Amino acid sequence: MKIAVCAKVVPEQARRIDSETKRLDRSGEQALNPFDANAVEEALRLKGDDADAEVVLVSLGPERSLDALRKALAMGADRVVLVSDEAAAGSDLVASSYTLARALEREQPELVLFGQQANDSDGAVMWAAVADRLRRPLISQVAELTVSDGKLRGKRQTEFGYDVIEAPLPAVVAVSDAINEPRYPSLKGIMGAKKKPQETVSLADLGVEADRAGEPGSRTEVYAIGEPPPRGETQRIDDDGSGAEKIVEFLLERKAL
Amino acid sequence: MTKPSEYPPPFDVSEAIAPPTDPEDERIEVGVAIVGAGPAGLACAIRLGQLLEAAPTVAERLGEVPLAVVEKGKQPGSHLLSGAVVNPRALQRLFAGRKRLDDMPFYGPVEEESVYFLTSNRAVRIPTPPTMRNHGNRVASLAQLGRWLAEQAEEVGATILPETAATKLLVDHGRVRGIRTGDKGRGRNGEELPNFEPGADVVARITVLAEGTQGHLTGAAIDRFGLEGENPQVWALGVKEVWRVARPLRRVIHTMGWPLRAGAKYREFGGSFIYPMGEDMLTLGMVVGLDYRDVELSVHDLLQELKTHRLVRRLLEGGERIAWGAKTIPEGGFLSLPKRLHAPGILLAGDGPGFVNVPALKGIHYAIETGTLAAEAAFAALQRGEAVGRPGALASYDAAVRQSFVWRDLEQVRNMRQAFGRGFWLGGALAGAMTASRGKFPPGDARTEPDADQELIRTDRARSYPAPDGKLTFDKLSSVFLSGNKTRDDAPSHIRVQTKVPPELAELWTRMCPAQVYEPTEGGVDVTASNCVQCGAITAKGGRLTPAEGGSGPEYTLT
Amino acid sequence: MSTLVFLEHHEGELQKDSLGVLGKADQLGDDVAALIAGSGVEGLAAQAGRFGAAKVYLADDPALEAPLPQPRVDVAADLVRRHGFDTVLFGATVLTADVAAGLAARLDAGLNWDLVDLTEEDGKLVGKRPALDDTVYVDVGWKGEPRLALIRTGTFEPVETGGEAEVEQVDVALEDFSTQAKMIEQAHEESEGPSIEDADVIVAGGRGLGGPENFALVEELAKALGGAVAATRAVVDAGWYPYSTQVGQTGKTVAPRLYIAVGISGAIQHKVGMQGSNVIVAINKDPNAPIFEYADLGVVGDLHQIVPKLTELVRQRRAA
C-alpha cells in the first residue's frame, strides 16, 4: 500500500507576520509541523513491517524545507517529494490544494493522510479541499484508524462525541493529535535519513499552470495586520461577600451567561 | 549557617561510565565522535573535515560516518550563550584560505569601548584595564555563530546529530570507546512511555569531549582517568538579555561595582557587559561568581536592577526585550585546568576543561583553538594508523595546547580571579600588579575553594530587587518562556539535589536559579525540572545538572 | 450582496452559531438565503425565517441524514451555481469546516476562516481574523466570487427578528465519491460534558485551590455552567488533575467564550494557552497575581467562599 502524508514545514520559533509582505515571516529555523508528525506516525504504524508498503511525504514549500522534512525520513518514512517553486509562494487554500492534488495524482497513493492543523496559520481545512479535487472520500478528525480489506474505519471526533465512519480505499484521512504519540527518530534513523530519496519538483513538472498557483492562483488576500482590540481595563473587585453576585452581574452584562 | 557542600547531590560520577552494552551489530559506528556542537566541538569537526578531505585514505578507514557531532539541544546554537566579543584569531586560523572574517556572522568590529564603575546613581568612567582591551575583536551572538559553524562543519562532511544527549562515556579495558546517547520517551518516574526510544552506543575510534561548562562526561572522564588539576573548578553565572533598541549603541561597555557589593565577606565578583548587535539591537548581561555567599542573591534580579540605572535605562529607552538566557562560565582558569587533557581514546577541549580567560572575558577563541588542536592531534594519530586507544597516542594534543597562545594567555592571568576572592579593592590592586608584571607578580599560585564550600550568609539584598513591570524589568517565568524552553512536563527530572534541606539552602537555590526551578517547601525544596534552561549553576552550589532528554531545554537564537 | 448561509443542525435544533451568522448576514444587507441539508428537516425552516432568512433552501434527503461533509458540498455547489450567490457563510464547526473547504476547492472560490468579524468597506467584504495565538488581527479579503467564510464559534449572537421565510425544496444530486464515506455509528451527546477543546465555557483550577480535593468546587461550577474543567501545569505536575485537561504552553490552547480561572496566578506559560478566550474572569486571593493584568474581571478574595456561591447563583438562574 502506498501512503502519502501531506506535510507542512513551519517556522520553529514564535511566529511573526512580516509587515511588508503581510505574509508569515518564514525566515529562521524551520521544522516539521508538529501535527503532521501524528500523520507520519500513523502512516508508519499502518505500514508496520510490510516491505511492500511505502510512506511518501508530499510537501509544498521552499527548497530549504528538505532539512525539516528529513525528520519524517528519520522516523521511518521512505521518500520525500517537495514541490518547490518560487511561483507557488503566497498560495492560499485554493492554489495550494490544487498544487497538492496534482502532486498526489502523480503519486497515486491508496491513502492520503493529513495532520490536524498547521501550526502557522492554524487553518484546519486543507484536507477537505484536496479530497474534493482528488474526488475521494474523506474522513477527518480521526482519533483511531484501522485499515483492512481495502476499507478504512475511522473514529471521528466531533463536538458531540465520536462518530464511526467507514470508507473504501483510495481515500483521504485527516488525523487528530489524539490518535497517537509520534515516535522519536532513532539515531540510526537520523543518520540514514539523508540517504533516502528526496525529490524536488517544480510546478511545470506537475503540469500546474502559472495562473493556478501563487498569488495569481489565490482567491483570498490580506489587507492589513494590526493589534487585536485591547481587552479593555481589568475590572477589579475586592470581595466583600458579594463577589459571587458581582461576577454574575458582569457575566450577564457581557452576555457570557 | 550551612554550606551547600554539606548536602551533596545523590549522584556518583561512576553512573556516567559504562562499557558498551548494545549487541555489536546494533552499535552505531563512527570514526570520530565529538560531543557538543559548540565552538570547540564544531571547530574540531571543521578541522578534521578539512584534514580528511585532503587525505582520502585516512577518511576511508573511518567508515561510512567519519565524523559525528552529538548535540543535546534542538539544533546547534540552541544551548549556546555568551556575551560575546570574540577574538577572531582562532577563526582566521581555522578558515585560513577558505573564508574571510567578513564571511562570518559577526556584528562588526569593536570600535569604542568604555568601562564604568557604577554606584546606584552614578557611572564613573575608568580607564580600560589592559586585560579587557578589545581592539580588533568582533561582537557576535554565540548561538548564531554556532549555527554558522554547524553549516561549515556539514559542508566538510560532518554529520551533526541534534536532540541527542550523551549520557555515558563508554569505557572498556581502560580506554574510551565512545559514548552512549540518552533515552527518549521516559515518564516522570522513569517509566517507558508508549513512544519510548532507548539510547544507543555510539562507538568511535576517538572521542572528543566539547561539552562546554559543567560538561557531564568531562567530569566523569577527569575522575575516571585521574586528570584532576590542582584546584577545583569554580564558576560564575551569567544572565543576559537581547533588546531591540531605538538608537544604535556604538561602543562596547563593561561595568563593575554596583549592583555588586565590594566587601570581602560577600564574595561578589563580577560585573556587567553591554554590547551592540548591529544597528537595532544590543545585548546586556550580568555575570557573578558562584562563590557568592548571600542566600538572597539572584543574578537574574541583579540584571533587572542594573537596567534601572540611569546609564543603562537610557540605552534601552523605546526598546523591547527580545531574548533572554543564562549559562555558567568556568572561572578557575589556568589553575583549575585538568593536569592532562587526554586519556586513551579521548580528548578534552573548550569550556569543559575550563579554557576561559576571566579578566579578559574570553573563552570562545580558546574553545575554537583547542578544538582545532584536538582535531590535528586526532588526525595525526589516525594517520599513523596505530592503535589510538594506546596510552600516549594522543599526547601530542597536550603538547600542542601547552605551546599555544591559549596556554600562554591563561598562565599570565592565572591568579587574577582568585585575587578577587579578597574583595574588589584588594583584588583590583592585585590584578593590576599581575597585569603589569605579566603574571610574574605575585609569585606562586593561589588556591581555589569550591563554590559549594562557601558558608552562606543572609543580608537584606532582595529588598531592592525591582518588581517586574513587564516593560523594562521582567520576572523569571516570562524570561524562561522567552528562552524558547518547551521541555516536556512529564519528563524525568534531570536535576540531582537533595530535597530535604534547611530553609537557607532552599532559599539560596530558589534565588540563584534564573529559571525558577526551585521553590522552598515545608522541610525542603521542590524541583520543577521542566523550567530548567540547563545553565549549570546548581552543580556549583550543591547539586548536579545531568543531561536532560535530547531536544529539551532552551532554544536560543540570539544569545 | 446575495448571501447564502449554511445552517447546521443537531438533533432537531438549528445550531446557535449558524443562527448568529444568519443574523449577521441579514444585517449586512440584502435578502439572505439559508441552506438546511439533512433528512426530515422541514421543521427547521420556520426557525431560520424567524432568525433572519428571507428564503430557505431545503435539501431534504435520506442520503443527507448522516452529518458528513462531502454530500453537503455537492448540494451547496449546485445552489451557488444555480443562483449565483456571491457570498457563502458558515458558522465554524468540525462539519462546516470540511464543507466550506470542499466547496472552496469545488468552485475555486476564496475561503477565509476563523473570522471574528465581517464588514463591508468601500464595496469590499472584509473579514477580521486573529492569528499567531490571537496576538495579531489580520484584515482579509477575497478575489472574485463567490466569497466563502467560516466564522469563529461564538462570534455573533442570534437575533430573533420574527420574519417568515419562503421555503424551496431542492433536488439533491450527489457525486459518486461523495457518498462513499458511510456513517456506521453516530455520536451522542457526551454524558461527561464537552471536552475542553470544544467547550464554550471552561472553569480552570490552579494551585490556589490548595489540594486535589478542592477540584470538586471547580467541577461543580463547570457543571452548573455546562462547561469543561481545565487545570494548570502546576496542579497537573502535582498529580491533582489529568494532563488531558492542562491548558498552557505545554498543554492545550483554548479560546472559549468564557474562561473562569480559579486560584491561578496566570504566568505567561498559562496565559498563552487561554488568552484568546472571549471573557476571562479570575478569582485569586493574591492581588499581585499576573492574571489580574489581563482578566476582564478580577476578583480578589477567597475562592472557597466565592466559588460555591457563584455555582449556586448560576444554578438558580438556569433553573429560572
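The questions below concern a predicted model and look at the contact between chain A and chain C, and then at the two domains of chain C.

Q: How many residues does the contact take from chain A and from chain C?
A: Chain A and chain C bury about 6600 Å² between them, with 58% of that area on carbon and sulfur atoms. The contact that goes with this burial takes 73 residues from chain A and 80 residues from chain C.

Q: Which element supplies the largest share of the side of chain A that touches chain C?
A: Several elements of chain A each supply at least two residues of this side, including helix H3 (93-107), strand E12 (220-226) and helix H8 (243-253). The largest share, nine residues, comes from H8(A).

Q: Which residue in E18(C) is the bridge partner of A:Ile237?
A: E13(A) pairs with strand E18 (residues 297-300) of chain C in the parallel sense, over four bridges. Within this pairing, the bridge partner of A:Ile237 is C:Val299.

Q: How many salt bridges are counted between chain A and chain C?
A: The side chains of C:Arg106 and A:Asp132 meet in a salt bridge, at 2.8 Å from N to O. For chain A and chain C, the count of salt bridges is six.

Q: What distance separates the closest N and O atoms of C:Arg257 and C:Glu157?
A: The domain assignment of chain C gives domain 1 (3-179) and domain 2 (201-319), and the rule finds one salt bridge across their interface. C:Arg257 forms a salt bridge with C:Glu157, and their closest N and O atoms are apart by 3.3 Å.

Definitions and conventions:
Residues numbered from 1 in each chain as written. Chains lettered and ligands numbered in written order. Predicted model: local features only at pLDDT ≥ 70, side-chain atom pairs only at ≥ 80, totals over all residues. Heavy atoms only, no water. Domains from an automatic or database assignment. Salt bridge = Lys/Arg side-chain N within 4 Å of Asp/Glu carboxyl O. Contact = heavy atoms within 4.5 Å. Buried area = accessible area lost by both parts, 1.4 Å probe. Pairing = 2+ DSSP bridges.
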